[in-house]
Amino acid sequence: MSDGNKPAPDAPPESSDETEFAALDAYNEALRSGDVRLQAELRRKNPGLVEILACLEGLDSLAGTPTVIFDGADSSGIALDAAVHSPTDFPRAFGKYELKAEVGRGGMGVVYKAWQEDLNRPVALKMILSSHLASHEDVRRFYDEARAAGSLRHRHIVGVHEVGQVHGQHYFAMDFVQGPSLAEVLAKDVFPAEEAAKFMIATARAIDYLHQHGIVHRDLKPGNILIDDEGQPLVTDFGLAKVFNTDEQLTRTGTIVGTPSYMAPEQAAGNASVVTAASDVYSLGAILYEMLTGRPPFKEVNPLDTLVQVLEGEPTLPSKFNRSIPRELELICLRCLEKRAEKRYATAAALADDLERYLRRDPVEARPVGLPFRLRRWARREPALVSRLGALLLTVLVVQIKYNYDGYDWPYHLRVMSLLAIWGLTSFVYQWMLNQDWLAEVTRFAWSATDATVLTILLLFVDSPGGPLLIGYPMVIAAAGMFFRVRLIVFTTLYTLAAFGILAWTRPAEFQPVQYGVIYAVVLAVLGFVIGYQVYRVRVLSRYYESQR
Amino acid sequence: MTENGSPLVELLDRARGGDQAARDELFDKCRNYLAIMARVQVESWLRVKVDASDLVQQTMLDAYRGLSNFRGNSEGEWLAWLKQILKHNATDFVRQYRGTEKRQQRREVSMHATAPNLSETFTREPSSGGESPSELVIQREREIQLADCITKLAADHQEVIILRSLQRLPFDEVAERMGRSRPAVQMLWARAVSKLKDVYGELP
């Protein structure tokens, strides 16, 4: 005990030891009560104790979760302790139920398969992980969830029978559904178009029923849709359901709740007050999309990228994955996935109606959008290509006007124009390569290198390369920054510098006096550094965000 | 299905593939964890200090023999399985210790009967959403390491950590069991945790 950062036993022993004990004890209590805010506060207040506090966390998890207190008619001294509990102690008694097996864990609860003794039927019991570890807010959310769900009966909704607690352990009992969940089915295969439509009609009707009772599901995803023996959907887990008229209390913290891939943009933006029935319609569309294509509309490796895509990106057209997906179904799907809530179906019922129209081969309500909208969608879907084409088009226009006005010699004009055309064509090829997952990484490098190369060739053609066209190099670096990859930016900067070096060496007369060329090169390097550094910071934030999940 | 290729899972796979060295290493790694768990469990039932090394031995032996019955493939399942066997043996141990055979049978769970059930339980996860498996793995690893570190502490430090942090007894009861005053036990606990931090920090 004389080592480390602790004071020698004799010096000012009692007082500092006591404050340390007080801090440790307080932290221990906070761990046990699951009070995350207090934990964070204590960590902040005692920066010197961070390692010890981490040790306490480890001990707490080693001690295990003190969950169910057993019915202890026979427990003469055998108080079944926290450490005894493991997910495999089955069967065991719990009130009037007998727990058979653990079937799943969600954000705030464990779900058990159980047998209800008095009514002789199987049920699913959902419990808060531990009454000790749950904050009051968790408990309230749990009861809200149960109460909201308890009043509902619908063919395609998992019914809730009872809410209660046994020995301080809160639970509710629901119909037991063997499953599998839609997520498990989708992991194997996609749905044929008509079956997907039928399945989605039933699901949408169930969601509409929820909406009519003032409940927004808020966490619709394939994992929350179970499939019964007849292949029909059963919507479950209203864990985040919010009753319209008692809202606000739970969402004030503004935390994002939900699964990014299936979340509506307004929900992803953390704007809880505007999460409405239309947000569920979006989630339904995202699920339909996955049923047809086998992947959610947006799914990136890290959640931040997924969020950015949900907010700004445009999903790849379902028919790009599978040509056999009918146009009408694709339109219906895309209408659900509109970024702006008012452009989606007004209700889940409207979605179901339109799907029925599709099945009857009637014209569907979802219409293809007009040309301006399609252009905007394209720009969101393939920003790298569209921005390059835009820039090239502008250049072509300027060059052409200048030609008409000045009347250059024809071969020169032809050379410049064909080079620009080739540039445009390579952009299409690269965009196609970028869409192939296995080529994407290489493509980004190749694309940037090609841009710099073509630009250099162009500059070598023209009469005065030292002119305003030199703005092209910084633009190539900035464009590389749009991909958010530090290594790509470093590569592009170096490549651009080399290209500029060759240009300056070939046409030395253009870069007189010498220091102009040097200054230009330095500015390029600085620009690359600044953009690279910004991207690096965004990456760090993104990792931080990910570790917080 | 091996998640994240963690070292313990890798070891587990090799052990099940018949690699004798891996088997020994695996059990070696978990010995201290089991020793601590055994003490926590038995002492919380009997409310006295006991020598649980026989119990640990028996449990290791059972697990060693029954390795082919284990069907899980994550650290969590592995530790849960060990704890289940431990619990099974601990009931016997406590029964013997008390000299009573009257304890009712209902809580006893056959290892063989539960093994398939176990895997079934863990392969299905209908309502799970966004929990990160790597986080769980790190936590399990840390639990095993912490248990290792606890066994390296002085005896009274071990005891106070087991009573206070792992059995979660109130300080008054810890004081009573250890035959010391409450303030003394509190200080002892704070020092023990601090020492544990040092030992844990020295891990490679």
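This report describes the confidence, the helices and the nonpolar cores of a predicted model.

**Overall picture**

The model is scored at ipTM 0.74 and pTM 0.52. Chain A contains 19 helices and 10 strands. Of the 549 residues in chain A, 37% are buried. Among the contacts in chain A with a separation of 6 or more, 63% join residues 24 or more positions apart.

**Confidence in chain B**

Chain B has a mean pLDDT of 73, and 75% of its residues reach 70 or more. Among the elements of this chain, helix α9 (residues 182–201) has the highest mean pLDDT, 89, while helix α5 (residues 111–123) has the lowest, 34. Across residues 100–133 of chain B the pLDDT is below 50, although the stretch has 66 contacts in the model beyond near neighbours in sequence. Where pLDDT is low, the predicted coordinates should not be read in detail.

**Two helices compared with expectation**

The table sets out the lengths of two helices, one from each chain.

| Helix | Residues | End-to-end C-alpha distance | Expected span at 1.5 Å a residue |
|---|---|---|---|
| α14, chain A (383–406) | 24 residues | 34 Å | 34 Å |
| α7, chain B (155–166) | 12 residues | 15 Å | 16 Å |

For α14 of chain A, the distance between the end C-alpha atoms agrees with the expected span; for α7 of chain B, the two values are close. Helix α14 of chain A is followed by A:G407, which has a positive phi near 65°. Just after α7 of chain B, B:R168 likewise takes a positive phi, of about 60°.

How is α7 of chain B placed relative to the rest of the structure? Nine of its 12 residues are buried, so this helix is largely enclosed by the rest of the structure. The buried residues include B:H157, B:V160, B:I161, B:I162 and B:L163.

**Nonpolar cores**

In soluble globular proteins, nonpolar side chains tend to be buried together. The largest nonpolar core in this model has 76 residues, and those with the most contacts inside it are A:L284, A:L288, A:L292 and A:C336. Helix α8 (residues 277–293) of chain A gives the most to this core, contributing 11 residues. Because domain 2 (82–175) and domain 3 (182–376) of chain A both give residues to the core, it lies between them.

Leaving aside neighbours within four places in sequence, A:C336 is in contact with several residues, including A:V281, A:L284, A:L288, A:Y345 and A:L351. Apart from this core lies another, of 61 residues, among them A:A30, A:L56, B:L79 and B:W81.

Methods. Residues are numbered from 1 along each chain as its sequence is written. Chains are lettered from A and ligands numbered from 1 in the order in which they are written. This is a predicted model: local features need pLDDT of at least 70, side-chain atom pairs count only at pLDDT 80 or more; totals for chains, interfaces and linings use all residues. Helices (H or I, at least four residues) and strands (E, at least two) are DSSP runs, numbered from the N terminus. The expected span of a helix is 1.5 Å times one less than its number of residues. A residue is buried if 20 or more other C-beta atoms lie within 10 Å of its own, exposed if 12 or fewer, and partly exposed in between; C-beta atoms are placed from the backbone. Two residues are in contact if their C-beta atoms, placed from the backbone, lie within 7 Å. pLDDT is the predictor's confidence in each residue, from 0 to 100. A nonpolar core is a set of buried Ala, Val, Leu, Ile, Met, Phe, Trp, Tyr and Cys residues joined through C-beta atoms within 7 Å. Domain bounds come from an automatic or database domain assignment.
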